[in-house]
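Q: I'm new to this structure and would like a close look at a single part of it. Could you pick out one helix, then walk me outward from there?

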Amino acid sequence: MPADPQLLQRLRSRIAAIERGGSGSPSTDDYLPLGVTEIDEHLPWGGLAAGAVHEILDGDAPTSNSTSNSTTKIGGALNGAVTAFAAALAGKAQHTRARPIVWIAPRITARESLYAPGLAGFGLDPADLIAVRVPPGGDFAATALWAMEEALRAPTVGLVCAEIEALDLTASRRLQLAAETGGGLGLLLRRDVGRDARSALPPTACVSRWRIAALPGGPSEYSNLPGTTRWQAELLRARGGRPRSWQLEWRNDGQDNSQTPRGFALVPPLRDRSLPAPTEATGEAPARQRRTA
Amino acid sequence: MKRQPGNAARPEPVLVMAMPEGGAVRLSAVTLAAQKAGLSPGQTLADARALMPDVAVHDGDPDGDSVTLERISGWCGRYTPWTAPSGLETGGAAGIWLDVSGCAHLFGGEAAMLDDLTTRLAAIGYTARAGLTDTAGAAWAAARFGKPGIARCVIFPEGEHAARLAPFPHASLRLPPDILDGLERLGLRNIADLADLPRAGLARRFGELPARRLDQALGRVDEPISPRAPAPVWRLRTAFAEALGREAHIAAAARNLLEALCNRLSRAERGARRLELCLFRVGGRVDTIMAGTSRASHDPDHLMRLLGEQLDRLPEPPTSAPDPLSAAAEAMVETLTLAAVVTEPLRAVQTRLAGGRDDDPAALERLVDRLAGRLGSDNVMRFRARDTHLPERVQEGASALTGDPSKGATPWQPPQPRPPRLLARPEPVEAMAPVPDDPPVLFRWRGRTHRITRAEGPERIEPEWWREPTANNTTLDADTRDYYRVEDTDGRRFWLYREGLYDRNSADTPPRWFLHGLFG
């Protein structure tokens, strides 16, 4: 007998709320929808659960191939794709939760720092962003975790993004607990170390784990121009949910004045992506001009 | 002079400090015992050795002296917020100015206060003499040339400084040696003689300095001295009958002070932006904790959290005591002062009856304060937009403590796509661009080769020629840049630029390629 999907959805969110120690009906305080129906319905919380910490792995190859230096231990800079994805999520949180964003990064990555005009292109308003740099030192990991905990406990923060590499089960439990008490929504951005089971990152207490990697961009009017930003978003693990993978793209990354609502969308299942179908063109951002400034 | 560790019980040693000066090694300081034996500062070491062959000589250290003086000056903050070190340049022994107007009654009167001061200094190893008079000049003289009463203190009762100073030698007027010699040759013995002289003649012979010093000592002209730190208006102090050793007790005492201070601030409708907590330790050390807030606050809970954060992480104070037991005793705290160094008007806020979690705008500021307290205020930033087209200058990180700078600033939305991550310094890449003015077909960055499948550009950005080249932008602003947004085979996107133009550069210096940003 086919179950009513809406009933299932309601039950799932009830159970999720009970699991988090909370109760009552879900509101925008309780979850952050991605705005893509297929994904939001697949997730047990109707989006990314608030009062929880989510892990997002950088699926692209590291920007620095030196594996022995200190950046591996305390976290080097992340790739553009995962940064853009997190910025897009943070922008969503800024709008739906109407609260500022805190982004915590090790100071050592200041040479590849966040760039506000680029973040704005993914819907994150830099005016409501507080960037925290953790200075290097002996207690680097502890300080970074402390900063994230403080931010998760603060009730006026919409989303906390932290680039923290070293994370064990205890530390992630502490973060999860801080998120539950403060109702904060945390994203842990980490680099992926390996895809097979043996070398994969050890499990954490985060409620979900994603892997984000760049995909070749969407189609454009001229085939040699980069089109819309696209990601391979893999849900590797979700508490109360099943793993799955999607191909996402970002609609209207800012440079056009099109009326397309800005946000995530699933990559349309085209056979040949390099040729835009006429039906797709309405959903796409109008093709960019090749210009010389 | 600081006591040598472990020497306390022995009789005062005959000890001198010597420094090379004007071609000869001269004594810079002598102990009391050495003074009795006929040694004095300014003597050559050879003369001193002739007088006392077994004198112990140490190297003088003027920098160390001034650091120590500064520290003692800070320690004296337990008596009055207004203290200033008085260096050696005025002649005589170095000293410390204390303006104790209105402070003496807190210590049971002037005599008791000076007694307390010299006794405590003696306990931490310094022999001090104190003078207390109506004017700074007279106090200087009294401390160095007065006949000490009890506990090495000289106090001139109010209004009597002129009469009391009369028999003092001229040296007590802080005059240089050549003037002193001159006065001596004229047969003038003491200040009374000098005061009787006609001013015009005195000034003709010795300049205006002797008359000015005399007037300053007698209080006829004002003598401004700048204090070590300006005395704050909002300052509270507490001293303990029994020194505190445990951190929890110190924190509790600080909390009491803070609550009293916050009470006073809130009654005056002001809030603190910067707090300064000083811990006066038994060993003479003063630890200072500063805490800043992003908006004025008189909430003791919040401010205490900021102070407590640093209180926990105070370094173990260095100590001169040989054994751990007396080291611990030296680290005990005997006095605390708390000052709101910077305050701002702050109206009382009507709190909501129901206490909704969304409606506390101060919560974010509290978070920022805590983060900045531990990480340093320049590590908690907000981005500020600048009106420029140079990519690396568009964004400026400003400390989040300094309020909300972004409102009404230049809009962020760029006309062309910009990467979410920007390299602080563009990194040179090896690029293969077979056609001039076209994007490269492949490039190598950080040991990895990227084959470019799609590219957009160029976006030409000219250097800001109207700006003076500075240390930060000499290389960055050098030449015209053509930016390309490129995508490699994996779909990763980069922001590359070519510096320089083909036609401007000769064949042997081809334009160089740089990577400036990582696109999403």
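A: Here is a walk that starts at one helix and moves out to what lies around it. Keep in mind that this is a predicted model.

Let's start with helix H4 of chain B, residues 110-123. H4(B) has 14 residues and reaches 20 Å from its first C-alpha to its last, close to the 20 Å expected at 1.5 Å a residue. Which of its residues are buried? They are Met113(B), Leu114(B), Leu117(B), Thr118(B) and Leu121(B). These five cover an arc of only 125° around the axis, so they sit on the same side of H4(B). The spacing fits a general rule: an α-helix has 3.6 residues a turn, so residues three or four places apart point the same way.

What lies over that buried side? The cover includes helix H3 (62-75), strand S6 (130-132) and strand S7 (153-155), which belong to chain B. Just past the helix, H4(B) is followed by Gly125(B), whose phi is positive, near 100°.

Now follow H3(B), one of the pieces covering H4(B). H3(B) lies across strand S9 (270-281), S10 and S11 of chain B, and runs at about 115° to S9(B). Another helix, H12(B) (residues 300-311), lies across S9, S10 and S11 of chain B too, running at about 145° to S10(B).

Those strands belong to an open sheet of four, in the order S8-S11-S9-S10 of chain B, with antiparallel pairing. At its edges are S8(B) (234-244) and S10(B) (286-297), each of which pairs on one side only. From one strand to the next, the twist averages 15°. Take one pair as an example: seven bridges join S8(B) to S11(B) (residues 333-345), and the two run antiparallel. Within that pair, Thr238(B) has Leu336(B) as its bridge partner.

A second piece of strand pairing takes us across to the other chain. Strand S12 of chain B (residues 380-385) is mostly covered, with five of its six residues buried. S12(B) pairs with S13(B) (residues 395-399) in the antiparallel sense over five bridges, and here Ala385(B) stands opposite Gln395(B). S12(B) is also joined by three bridges to strand S6 of chain A (residues 129-134), again antiparallel. In that pairing, Ala131(A) stands opposite Met381(B).

How many residues does the contact take from each chain? Chain A gives 77 residues and chain B gives 60. About 5900 Å² is buried between chain A and chain B, and carbon and sulfur atoms give 51% of that area. On the chain A side, Tyr115(A), Trp146(A) and Pro226(A) lose the most area to chain B, together 13% of what that side buries.

Last, back in chain B, two arginines deserve a look for their backbone angles. Most residues other than glycine have a negative phi. Arg174(B), though not a glycine, has a positive phi of about 55°. Arg174(B) is found in the loop between helix H6 (161-165) and helix H7 (177-185) of chain B, and it counts as buried because its relative accessibility is 6%. Arg446(B) also has a positive phi, near 50°. Its place is the loop between strand S15 (442-445) and strand S16 (448-461) of chain B. At 18% relative accessibility, Arg446(B) counts as buried, since the cut-off is under 20%.

Key:
Residues are numbered from 1 along each chain as its sequence is written. Chains are lettered from A and ligands numbered from 1 in the order in which they are written. This is a predicted model: local features need pLDDT of at least 70, side-chain atom pairs count only at pLDDT 80 or more; totals for chains, interfaces and linings use all residues. Side-chain values use heavy atoms; hydrogens and water are left out. Buried means under 20% relative accessible area, exposed over 50%, partly exposed in between (1.4 Å probe, protein chains only). Two strands pair if DSSP finds at least two bridges between them. The expected span of a helix is 1.5 Å times one less than its number of residues. The arc is that of the directions from the helix axis to the C-beta atoms. Contact means heavy atoms within 4.5 Å. Axes are lines fitted to C-alpha atoms, for helices over the stretch in contact, and angles run from 0 to 180 degrees between N-to-C directions. Buried area is the accessible area (1.4 Å probe) that two parts lose on being put together, summed over both.
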